[in-house]
Amino acid sequence: MAETPGGPRAVLRATGPRGPSCPLRAEAARLRDEATRQVRLAHRRARWWAAVDVALGFPAALLAGVSGATGLAAADARVPAAFLALLSAGLAAGAGFLRSDTRRVANKRARRAWAVVQDEAAIALAHPRLDDRTLRALSEKRRAALSAYEGEDAAGGP
């Protein structure tokens with residue numbers, strides 16, 4: 001069926017990237033919403049790993065000091081001191097195995113990277129017209145945010 005110049009499809013094409021139903025705007029909004037969720041998630045994860053780091057590290061250090069003091073205090077306190085030293089070593093090994101400090105830093109880095117995606121998408125959506133270049137830049141920032149969990153960012157620090 002032939003389409004007339006004033007038909008519905010012609011009207012949609014005429015509004016193009018400016019209309020609210022533009023595929024580029026929809027993708028930018030999707031990226032903004034994803035970034036918003038990921039910022040919250042990375043923030044919660046960073047707080048969780050900070051708590052795990054403290055929950056394992058502080059008792060390990062405290063027990064190591066107490067076991068050393070107990071072992072030196074009296075000869076008959078060597079068994080409890082050895083038990084405390086083993087418990088301290090177990091907590092320290094658990095902290096090392098989980099790498100909670102590294103995970104906390106990685107989630108903070110990811111949180112910053114996702115916040116950049118979120119901000120850039122919000123700025124792009126504030127403009128009346130979107131183009132392919134803007135969406136490609138947003139997608140590149142999304143890729144960088146996804147890889148932020150694994151390595152250091154461009155600044156080289158946490």
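Helices here are DSSP runs of H or I with at least four residues, strands are runs of E with at least two, and both are numbered from the N terminus. By that yardstick, Ser88 is found in helix α3, residues 78-98. Before going further, keep in mind that this is a predicted model, where local features need pLDDT of at least 70, side-chain atom pairs count only at pLDDT 80 or more, and totals for chains, interfaces and linings use all residues. Residues are numbered from 1 along each chain as its sequence is written, and side-chain values use heavy atoms, with hydrogens and water left out.

Now for the overall layout. The chain has five helices and zero strands, so the order of elements from the N terminus reads α-α-α-α-α. Burial comes in three grades: buried is under 20% relative accessible area, exposed is over 50%, and partly exposed is in between, using a 1.4 Å probe and protein chains only. Of the 158 residues in the chain, 27% are buried. A contact means heavy atoms within 4.5 Å. Take the contacts between residues at least 6 apart in sequence, and 81% of them join residues at least 24 apart.

Ser88 makes a good place to zoom in. Its relative accessibility is 7%, which means it counts as buried. Leaving aside residues up to four places away in sequence, Ser88 touches Ala60, Leu63 and Ala64.

Next come the charged pairs. A salt bridge is a side-chain nitrogen of Lys or Arg within 4 Å of a carboxyl oxygen of Asp or Glu, and the structure holds six of them. One of these joins the side chains of Glu34 and Arg30, at 3.6 Å from N to O. Both residues lie in helix α2, four residues apart, or about one turn of the helix. Glu34 is buried because its relative accessible area is 9%, while Arg30 is partly exposed at 38% relative accessibility.

Arg32 also pairs up, forming a salt bridge with Asp33 in which the closest N and O atoms are 3.4 Å apart. Arg32 has 29% relative accessibility, so it counts as partly exposed; Asp33, at 36%, is partly exposed too. Elsewhere in the sequence, the side chains of Asp131 and Arg133 meet in a salt bridge at 3.3 Å, N to O. Here Asp131 is partly exposed at 28%, whereas Arg133 is exposed, with a relative accessible area of 66%. Salt bridges that share partners also join Glu27, Arg30, Glu34 and Arg142 into one network.

What about the outside? Accessible areas come from the Shrake-Rupley method with a 1.4 Å probe, and for residues only the protein chains shown count as cover. The chain's accessible surface comes to about 10300 Å², of which 63% belongs to carbon and sulfur atoms. Surface patches are built from residues with over 30% relative accessible area and no salt bridge, joining like charges within 9 Å and nonpolar side chains (Val, Leu, Ile, Met, Phe, Trp, Tyr) within 5 Å.

One nonpolar patch consists of Val54, Phe58, Leu62 and Val66, with about 390 Å² of accessible area together. Phe58 is found in helix α2 and is exposed, with a relative accessible area of 56%.

There is a positive patch as well, formed by Arg37, Arg40, Arg44, Arg45 and Arg47. Lys and Arg count as positive and Asp and Glu as negative, with His and the chain ends not counted; each charge is placed at NZ of Lys, CZ of Arg, CG of Asp or CD of Glu. Within this patch, Arg44 lies in helix α2, residues 23-73, and is partly exposed because its relative accessibility is 49%.
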